[in-house]
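Open the model in your viewer and keep the sequence panel beside it. Each stop on this tour says what to select and what is there.

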Amino acid sequence: MGHGDTVEAHGQRALAAIQPNHTGTTMARGEGSWVWDPEGRKYLDLVSGIATLNLGHGRPEVLAAAQAQMHTLAHGGGAFLDQPVYAFAERLAGITPDGIDSILFSATGSGANESALHMARVATGRDDIVSFRGSFHGRTEAALAASVSRAEFRTKILATDVTVAPFPHVEAPGEEPDDLADRALAELDEIHETECLPEEVAAYVVEPVQGLGGCFPAGERFLSGLRERADRYGILLLFDEVQTGMGRTGAWFAAERYGVTPDALTSAKALGSGFPISALATRHELVESLQKSGHGSTFAASPVACAAGQAAIDVVEREGILERVWASGEVVLARLDAIASEHESLRRARGLGYMLALACRDREAAVAIAEGCIDRGVLVTHSGMHADTVRLIPPLTISDEELDFGLGVVEEAAAAADAAP
Ligand code: PMP
């Protein structure tokens with residue numbers, strides 16, 4: 001089955017039609033940067049499981065580590081700990097920013113954010129959370145309450161006490177990121193004066209690069225401004241690095257790219273290289289504050305995911321993947337910018353590392369370009385606050401030739417969309 005599949009087309013009624021399918025395709029097999037549909041048609045994967053498969057599909061070292069662990073001890077369910085959990089925590093603490101060296105595992109990004117928000121409330125004794133327009137933090141209740149990339153996400157949310165502050169979204173040509181950052185910070189100060197006392201805020205929660213919102217980098221000036229206010233008021237600064245973490249931006253964590261250290265960060269998606277695991281990384285005294293709250297989750301810290309995650313860290317280090325993504329991300333962004341300037345269906349390019357996006361003329365253009373890419377054998381998604389963005393999140397291991405092919409197809413699809421009314 002190819003692009004535009006529906007659950008019905010498979011003759012199946014059991015799978016809920018809302019089961020997520022961001023590209024509208026069905027795939028049977030994956031290898032490296034490529035996936036194949038059940039008819040054997042081949043696609044270049046510029047989605048990577050929405051930033052999950054940083055090493056591509058079926059990376060042999062990851063599979064070997066997972067397979068070996070499956071045969072040794074596959075699951076503990078929280079009844080006991082196992083060696084891979086200790087080893088992976090140690091390894092992860094070695095790549096998180098200095099001082100962020102206590103790890104609490106969960107199974108999903110939402111779960112890790114839920115732990116982070118809970119921890120912030122318990123550790124500070126305060127209730128309020130400030131999140132930033134365009135953000136996405138997950139689909140559990142506190143994570144959803146903090147998500148402001150789409151209004152429908154917020155229906156029937158019970159956990160309140162989330163105040164939404166502006167994020168420096170650079171949209172128009174000639175807008176200076178630092179000016180926008182200063183304006184957003186000034187509005188945050190205004191919010192603290194008029195709506196939400198800083199002394200009642202437990203945490204600022206922010207994605208260093210907004211993912212689902214449309215790949216908007218927060219920038220160093222904005223994040224430093226948050227750091228400075230967090231220190232001034234005793235607020236915890238939480239970085240949601242579920243999507244930006246594990247090398248996606250060309251550093252282990254985007255915190256490092258911006259030189260701003262949060263009090264805690266969350267990681268998921270690529271953490272287990274395709275196996276489900278997430279983590280809250282923070283300081284010992286903060287996470288210890290959760291001790292009396294009976295924290296736990298049956299599928300947290302799967303030993304198989306821990307083994308896979310460790311193998312993935314080894315590959316990234318051995319092959320110098322971070323350095324490559326850091327340098328190549330800038331080249332690709334420049335090329336996307338050039339493409340954007342030549343096509344009416346596109347407005348601009350933005351992103352950091354291999355977390356890139358093309359802002360399209362409108363929602364229709366984004367859909368047309370995404371579908372045009374898929375029809376031509378390149379998987380991309382369209383997303384963004386206004387669903388007017390095409391996101392490119394390739395495997396970090398994609399070759400220059402594959403990238404060249406993918407960008408060529410994106411340009412063809414944009415050219416075809418130029419002509420559309
Ligand atoms: N935070 C961010 C930044 C995300 O991109 C996502 C998932 N798209 C989440 C949290 C939620 O993660 P999960 O789907 O694993 O619960």
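Start by selecting Leu-356 and Leu-392: Leu-392, in strand 17, is the bridge partner of Leu-356. Keep in mind that this is a predicted model.

Now widen the selection to the two strands. Strand 14 covers residues 355-360, and its pairing with strand 17 is antiparallel, over 4 bridges. Strands of a sheet pair through backbone hydrogen bonds, in either the parallel or the antiparallel sense.

**The sheet of 4 strands**

Add the rest of this sheet. It is open, has 4 strands in the order 13-14-17-16, and its pairing is antiparallel. Which strands stand at the edges? They are strand 13 (346-352) and strand 16; each has a single partner strand, so one side of each is left without a neighbour in the sheet. From one strand to the next, the twist averages 30 degrees.

Next, select residues 363-375, which are helix 12. Helix 12 packs on this sheet and touches strand 13, strand 14, strand 16 and strand 17. The direction of helix 12 makes about 35 degrees with that of strand 17.

Stay in this region and pick Ala-387, in the loop between strand 16 (381-383) and strand 17 (389-392). Most residues other than glycine have a negative phi. Ala-387 is not a glycine, yet its phi is positive, at about 50 degrees. Is Ala-387 buried or exposed? Its relative accessibility is 12%, so Ala-387 counts as buried, the cut-off being under 20%.

**A second positive phi**

Move to Ile-50, which is in helix 1 (residues 48-51). Ile-50 also is not a glycine and has a positive phi, about 45 degrees. With a relative accessible area of 14%, Ile-50 is buried.

**The sheet of 7 strands**

Select the other sheet on this tour. It is an open sheet of 7 strands in the order 4-12-11-10-7-5-6, and its pairing is mixed. Strand 4 (102-106) and strand 6 (162-165) stand at the edges; each has a single partner strand, so one side of each lacks a neighbour in the sheet. The twist here averages 20 degrees from one strand to the next.

Within this sheet, select residues 128-132 and 201-206, which are strand 5 and strand 7. These two strands pair in the parallel sense over 4 bridges. For one bridge, pick Asp-128: its partner in strand 7 is Val-201.

Two helices that pack on this sheet come next.

- Helix 3 (residues 83-93) touches strand 4 and strand 12 (278-282), and its direction makes about 125 degrees with that of strand 4.
- Helix 7 (residues 220-233) touches strand 5, strand 7 and strand 10 (236-240), and its direction makes about 170 degrees with that of strand 7.

**Two helices in contact**

For the last stop, select residues 321-342 (helix 11) and residues 400-418 (helix 13). Their axes are 11 Å apart and the angle between them is about 20 degrees. Angles under 35 degrees count as roughly parallel, and helix 11 and helix 13 are therefore roughly parallel to each other. The crossing of helix 11 past helix 13 is right-handed.

To see the contact itself, show the side chains. On helix 11, the residues that meet helix 13 are Arg-324, Ser-328, Val-332, Arg-335, Leu-336, Ile-339 and Glu-342. On helix 13, Asp-400, Leu-403, Asp-404, Leu-407, Gly-408 and Glu-411 take part. The residues of this contact divide into 5 nonpolar, 2 polar and 6 charged.

Notes. Residues numbered from 1 in each chain as written. Predicted model: local features only at pLDDT ≥ 70, side-chain atom pairs only at ≥ 80, totals over all residues. Heavy atoms only, no water. Axes fitted to C-alpha atoms, helices over the stretch in contact; angles between N-to-C directions. Parallel < 35°, antiparallel > 145°, perpendicular 65-115°, else oblique. Left-handed = near helix turned anticlockwise from the far one by under 90°. Contact = heavy atoms within 4.5 Å. Nonpolar A, V, L, I, M, F, W, Y, C, P; charged D, E, K, R; others polar. Pairing = 2+ DSSP bridges. Buried < 20%, exposed > 50% of the residue type's maximum accessible area, 1.4 Å probe, protein only.
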